[in-house]
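Visitor: Please take me through a close look at the place where the ligand sits, and then at the parts of the chain around it.

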Amino acid sequence: MAAVGAGHRLTDDARLAFESRFGEAEPPRVARAPGRINLIGDHIDYCGLPVLPLAIDRAVRVTFRRAKSSRCRFTNVDPAFGGREFDLSELDDATEPGDWGTYLVAAARKLVDRHGLSVGIDALVSSDLPVAAGLSSSSALVIAAALALIDVNGLDVPPPDLAEAMAAAERHTGTRGGGMDQAVSLMAEEGHACLIEFSPLAVRSVPLPPGWRFVVADSLVPAEKSGAAQAAYNSGPVVAREALVAIAEGLDFDGSAELTYLGLISEYGVAELLSRARAAAPDDPHFRRFRHVVTEADRVRLALAAMGQGDIESFGTAMNASHESLRDDCGVSCPELDEIVGVARAAGAAGARLTGAGFGGCAIALCTAESAPLVLEALEAGFYARRGIGAKLDDHLFLADSGPAASVVATS
Ligand code: NG1
């Protein structure tokens, strides 16, 4: 089970909002789940390849109390979201695609199926993570809601099991994602990047070199996960798989072994695969997606080595190449993300790339302590001022501090 600590001081606003909706009784508890930036390795987790995200110190919080029945009542400090209610004994599919209630029901349904839980919650959701910005707010919501339900039902679910269960739960909302976001939120270690491997799920903490700073910049283009954007995202895993099958057919790959990207890469190596793949899959989108997947896997490997040596230039070079590949081979960037990346690099960032799924959302820039203020300034003047963003700039442009993994704490 994720850590249960003591002594979280609820902000007066959160206490007031919680008590005005659910009344005063015993003090509520808080489930907190962080968002993430992905340092490198995008659109490859669903191919089973390692990725390197970082949990940040911005999170979704679910302030909750055990309900007297199996009913779950959620309210949100942001009135734009409105309340959601459902009963654990009769979960239906009557939720809107993309609606925030869908994520709550998905988490609850998976826990009911696996653990038969029956005690509901009264809950207030709050967040300082920008929504639909590629920082994984949906997975943080799923994880925080799940931890709250697990807590009131007295269950003990090991984090890797919960990460896999919640990745599966989120797929029920219609997005065919990998398992990166849920794993990093549950298993990150503060001050460390999180190397995640899949099948089986395994996480290794990698110390962040001193002096490395990550600037996060929101393109202001919402990275929604419904409608056309969801369809565009979901075509990624399909094309990647089709490309793998087509390319393996043209190779003398051992047909008795399970066909995976990892297996193919370890048998042939990236350079050999690329030269053979060009001939085997002349169909352009498939070859391009294949090239992205195998080269991004290689960049994760190189970036990991660079991080181990504190080699910021090499890490930045891998980030730059990753952005180019996501833009050109996957087609998941957009002009605003490209602009941010360009401004950050020109202002002295060691490297910059979009982070997460793309189609909008955030870019990140790797900086030193000296270059970070210059990059922030350049983005403020060169990107945000021109779009009239002055107030609340901190919601869109900030330095990402690493944060701890998800946990449940008592409040005082
Ligand atoms: P974001 O950026 O949170 O939408 C999505 C997937 C990840 C991964 C990245 C791209 C979900 C919940 N998350 O993340 O698994 O595939 O895109 O690397 O589907």
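Guide: A polar side-chain atom of Arg-36 lies 3.0 Å from an oxygen atom of the ligand, a polar contact being a pair of N or O atoms within 3.5 Å (within protein, one must be able to donate a hydrogen and the other to accept it, and residues adjacent in sequence count only if both atoms are side-chain atoms). The model is predicted, with local features needing pLDDT of at least 70 and side-chain atom pairs counted only at pLDDT 80 or more, while totals for chains, interfaces and linings use all residues. Residues are numbered from 1 along each chain as its sequence is written, and side-chain values use heavy atoms, with hydrogens and water left out.

Asp-181 offers a polar side-chain atom 2.8 Å from a nitrogen atom of the ligand, and a polar backbone atom of Ala-357 is 2.9 Å from an oxygen atom of the ligand. Of the 440 Å² of accessible area that the ligand has on its own, the protein covers 96% (Shrake-Rupley method, 1.4 Å probe; for residues, only the protein chains shown count as cover).

The shell around the ligand holds 19 residues, of which Asp-42, Asp-45, Asp-181, Lys-225 and Tyr-233 come nearest; a residue is near if one of its heavy atoms lies within 4 Å. By class, four are nonpolar, nine polar and six charged (Ala, Val, Leu, Ile, Met, Phe, Trp, Tyr, Cys and Pro count as nonpolar, Asp, Glu, Lys and Arg as charged, and the others, Gly among them, as polar). Helix H5, residues 180-187, gives the most to this shell, with three residues; helices (H or I, at least four residues) and strands (E, at least two) are DSSP runs, numbered from the N terminus.

Two loops deserve attention. His-43 lies in the loop between strand E2 (29-40) and strand E3 (52-66), and its phi is near 55 degrees, a positive value in a residue other than glycine. The other loop belongs to a hairpin of E7 and E8, with four residues between the strands. Strand E7 (residues 192-197) runs antiparallel to strand E8 (residues 202-207), and six bridges join them; strands pair if DSSP finds at least two bridges between them. Within this pair, Leu-195 stands opposite Arg-204 in E8. In the turn, Ser-199 has a positive phi of about 50 degrees, and the peptide bond from Ser-199 to Pro-200 is cis, with omega near 0 degrees. Pro-200 is placed in the loop between E7 and E8.
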